[in-house]
Every structure is written in C-alpha cells, then in structure tokens.
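Hi,

Here is the structure I promised to pass on. Have a look at it first, and then read my notes below.

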Amino acid sequence: MWVKLTAIFTLMATGVTLGPVLPAVALPLSPGDRVRILTPLDDDLPDESRFRISGLYEVNLDGTIQLPFLDAQRAAGLEPVEVERSLSQLLISRGIFRAETLQLSVRVAQWAPVQVTVAGETFFPGRVLINALPESDDNPTPRPRSAPEAVTGENPPERYLSAAIRSAGGVKPTADIRNIRLIRGSEERTLDMSGIITGQPVPDLPLIAGDQVIVPKLATTQSDLVRPSQLTPQRVSILYSNLTEPSSQGGDTMEME
C-alpha cells in the first residue's frame, strides 16, 4: 500500500547539507520489523500467563505476525495503524474480546534492515541492504508474551529512496533523476528527485522489502551531478601511476572527496 505524503521537512543524515526532503506519513511494515502490541486488558494477568496479548512481535519472513490463539495475520505491506485495525476486528469477531472493552495499540519498536534492488544509472546497480543495524547493536530476541517497555517511534532514516540509491554507489552524471521509477508489487510511481540538487522539497519515499528502483539514462552528461550530494558518490577512486618508474602493479589508487 502506498503511503501518503505530508509537508513535513527533514534533512537526511548523509554528512551533506542540502535542501529539505519531503518524507511520507507512515512506513509500511516489512519482514523483520518489530512491533509492540499493548492492551490494558492484560494488566490483571501475571506476566507468565499464556493468555497475554501484549508483547513484542516480529514480522515473519512470510510477512505475517503470530499472536496467541490466532492464525498468522498479514502485516508486511501494511502500516501499523492498519495492523491495529485488522487485529482488533479479528479479536472481536473470534469472541476473544468484546468490542466495548477492547483497547489495542500497535506501534513500531524497531525498523529492520530491508533488501531492495536498484537498476539503471548508478555506479553499483543490484540488490542492496538498507537500514543495516550497527554491528554493536545488541538486539534482544523477541518475547511475545512478556511485558514490554512502552517505547515506540524509532525513525529509520536509511530506509528511504535516496538511501537505496546511495547504497548502489550513487547516480552517474547521465542519470535522469527527474523520472526515477519505484516499483512495489504491481504498482509503479515516477518520482522527481532533482530537488536534492536544487534545494527544493523531494518526495523521498520510505521503502519496504522487495521494492525495485530504476534510474533512467539521459543522452547527455549533467554537470550538476558531478559533485557530492544525497544521490551522488561522496568520494571517487582515481588510478594513478608514476610514469618515470612504471609500477608492476599497474599503478596505485587514491580516493578524493
């Protein structure tokens, strides 16, 4: 499901100060994302009770989450509020809770790394992993039936379209950044990312697992893309050699920012 855009401006953390980025209101869930499900109806139950609904849940590889006494329910591709709505309806229809007493909250606890594919005019097209967790990050194993801390709202700045393009090496000077294609399932959108270069608002959509990004090619080179930005490489490698004393290795490599 596509997310709606809102006029909230943020700067993406890339080390380069540029124009404002226009993010989406909410990010659909992907496999590996963790959500906290809370209901005050569990308050009277002991923490070890097998009847507790409240807990920390991880979206399975098949895109579902598993609650006690319920079949696996779809979560991937849905926003947390949609999961909250569908679970509430299911718990009521199954007679587990009454409509007049049920209060249910579904909030994101942690956004997972996701794999997307980037094709076209980037330096290293292919499958990329975005929003990778720090190696030192100690992520506890989910415990669906334990009493969770009420902490939500983590922001995933590296799960946006611009982050995927950077992970693919950045765009080439021949990239058509006004017509970048984003394919999600059977739906497709064309996005104008030129605002990253000009300082205008940008529809930098958040991505979910399996998204495809295609950067079209232009017939001419654009000088505006030959500089560091959120879409272009931060540094380039240059091969050089001492012509007076040729190297058997074919020269040395240095990086320039």
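**What I found**

The protein chain has 3 helices and 12 strands. Keep in mind as you browse that this is a predicted model.

Some overall numbers to start with. Of the 257 residues in the protein chain, 42% are buried. The chain exposes about 14,100 Å², and 51% of that comes from carbon and sulfur atoms. If you take the contacts between residues at least 6 apart in sequence, 63% of them join residues at least 24 apart.

Next, a sheet to look up in the viewer. It is an open one, made of 5 strands in the order E7-E6-E10-E8-E9, with mixed pairing. Which strands stand at the edges? They are E7 (126-130) and E9; each has a single partner strand, so one side of each has no neighbour in the sheet. Going from one strand to the next, the twist averages 25°.

At the E7 end, that strand runs antiparallel to E6 (residues 114-120), and 5 bridges join the two. If you want one pair to click on, try valine 114, whose bridge partner in E7 is isoleucine 130.

At the other edge, strand E9 covers residues 187-191, and threonine 190 is part of it. Is this threonine buried, exposed or partly exposed? Threonine 190 counts as partly exposed, because its relative accessibility is 49% and a residue has to be over 50% to be called exposed. What does threonine 190 touch, leaving aside its neighbours within four places in sequence? The residues in contact with it are Asn179, Ile180 and Arg181. Isoleucine 180 is 10 residues away from threonine 190 along the chain, yet their C-alpha atoms are separated by 5.5 Å.

Last, a residue outside the strands I have described. Arginine 159 sits in the loop between E7 and helix H2 (161-167). Its relative accessible area is 0%, so arginine 159 is buried, the cut-off being under 20%. What does its side chain make a polar contact with? The partner is the side chain of serine 30, at 3.4 Å.

To retrace this on screen, you could begin with the two edge strands, E7 and E9, then go to threonine 190 in E9, and finish with arginine 159 in its loop before helix H2.

Cheers

Definitions and conventions. Residues are numbered from 1 along each chain as its sequence is written. This is a predicted model: local features need pLDDT of at least 70, side-chain atom pairs count only at pLDDT 80 or more; totals for chains, interfaces and linings use all residues. Side-chain values use heavy atoms; hydrogens and water are left out. Helices (H or I, at least four residues) and strands (E, at least two) are DSSP runs, numbered from the N terminus. Buried means under 20% relative accessible area, exposed over 50%, partly exposed in between (1.4 Å probe, protein chains only). Contact means heavy atoms within 4.5 Å. Two strands pair if DSSP finds at least two bridges between them. Axes are lines fitted to C-alpha atoms, for helices over the stretch in contact, and angles run from 0 to 180 degrees between N-to-C directions. A polar contact is a pair of N or O atoms within 3.5 Å; within protein, one must be able to donate a hydrogen and the other to accept it, and residues adjacent in sequence count only if both atoms are side-chain atoms. Accessible areas come from the Shrake-Rupley method with a 1.4 Å probe; for residues, only the protein chains shown count as cover.
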